[in-house]
Amino acid sequence: MTTAAQPSPPVPRFAAIGMVVSDMAASLAFYRRLGLTVPAEADTAPHAEAQLPGGLRLMWDSYATARAVDPDWTPPQAGSPTGLAFECDGPAGVDALYAELTAAGYAGGKPPWDAFWGQRYAVVQDPDGHGVDLFAPLPR
């Protein structure tokens, strides 16, 4: 006796990266400097999103939103392991963006350097202490 094959359940699709932030306006200002498009009215919203290339979304939620979902939620320590990486237009682009962001008052995590894996690399921290990597391939 043969039985009809059961259809497989759909596989979830990775669609978004979410971050919980203490100051929505400050966080969005930082990510706008990195080229993300987020409407100005999102600065006072409890939730914001930016569409990324390839269809992914970057999402931000306020502490109040996180607590509405989970009343026992507590903020992570600054410098938690969440990190994003932005590819710059060449090694000079890494240096220029790092200089721009740190001049604007954002904490530099690690100044630009030529990494052994073949990239110009730097780390700057967003307003909540998340490390944001800046990188570009080194010329060969």
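Two strands pair if DSSP finds at least two bridges between them. Strands themselves are DSSP runs of E, at least two residues long, and helices are runs of H or I, at least four residues long, both numbered from the N terminus. As general background, strands of a sheet pair through backbone hydrogen bonds, either parallel or antiparallel.

Now the model. This is a predicted model, where local features need pLDDT of at least 70, side-chain atom pairs count only at pLDDT 80 or more, and totals for chains, interfaces and linings use all residues. Residues are numbered from 1 along each chain as its sequence is written, and side-chain values use heavy atoms, with hydrogens and water left out.

I start with the sheet of three strands. It is open, its order is β1-β3-β2, and its pairing is mixed. The edge positions belong to β1 and β2; each has a single partner strand, so one side of each is left without a neighbour in the sheet. On average, neighbouring strands here are turned by 20° against each other, direction ignored. For such angles, axes are lines fitted to C-alpha atoms, for helices over the stretch in contact, and angles run from 0 to 180 degrees between N-to-C directions.

What does mixed pairing look like in this sheet? β1 and β3 pair in the parallel sense, over 6 bridges, while β2 and β3 run antiparallel and are joined by 5 bridges. To find one bridge of the parallel pair, look at V20, whose partner in β3 is D61. For the antiparallel pair, look at A50, which stands opposite L58 in β3. β2 and β3 also form a hairpin with 5 residues between them, and G54 in the turn has a positive phi of about 85°.

Helix α1 packs on this sheet and touches β1, β2 and β3; its direction makes about 160° with that of β3. Contact here means heavy atoms within 4.5 Å.

Is β3 largely enclosed or open to the outside? Buried means under 20% relative accessible area, exposed means over 50%, and partly exposed is in between, using a 1.4 Å probe and protein chains only. Of the 6 residues of β3, 5 are buried, so the strand is largely enclosed by the rest of the structure.

One residue just outside the strands is A15, in the segment before β1. A15 is buried, at a relative accessible area of 17%. Not counting residues up to four places away in sequence, A15 touches G55, L56 and R57. By contrast, the C-alpha atoms of A15 and E100 are separated by 30 Å, and these two residues are 85 apart along the chain.

Next, the other sheet. It is an open sheet of 4 strands in the order β4-β7-β6-β5, again with mixed pairing. Its edges are β4 and β5 (108-114), each with a single partner strand, so one side of each has no neighbour in the sheet. The average turn between neighbouring strands of this sheet is 20°, direction ignored. β5 and β6 pair in the antiparallel sense over 4 bridges, and W113 stands opposite Y121 in β6. Helix α3 lies across β5, β6 and β7, running at about 15° to β6.

Now the interior. A nonpolar core is a set of buried Ala, Val, Leu, Ile, Met, Phe, Trp, Tyr and Cys residues joined through side-chain atoms within 4.5 Å. The largest one has 28 residues, and Y31, L34, W60 and L134 touch the most other members. Elements supplying at least two residues each include α1 (24-33), β3 (57-62), α3 (91-103) and β7 (131-137).

Last, the charged pairs. A salt bridge is a side-chain nitrogen of Lys or Arg within 4 Å of a carboxyl oxygen of Asp or Glu. How many salt bridges does the structure hold? There are 5.

One joins D43 and R32, at 2.9 Å from N to O. D43 sits in the loop between α1 and β2 and R32 in helix α1, 11 residues apart. Both are partly exposed: D43 at 25% and R32 at 26%.

R57, which A15 touches, meets E49 at 3.0 Å, N to O.

A third bridge joins D95 and R120, at 2.8 Å from N to O. D95 lies in helix α3 and R120 in strand β6, so the pair ties together parts that are 25 residues apart in sequence. D95 is partly exposed at 30%, whereas R120 is buried at 16%. With D114, these two residues are linked in a network of salt bridges.
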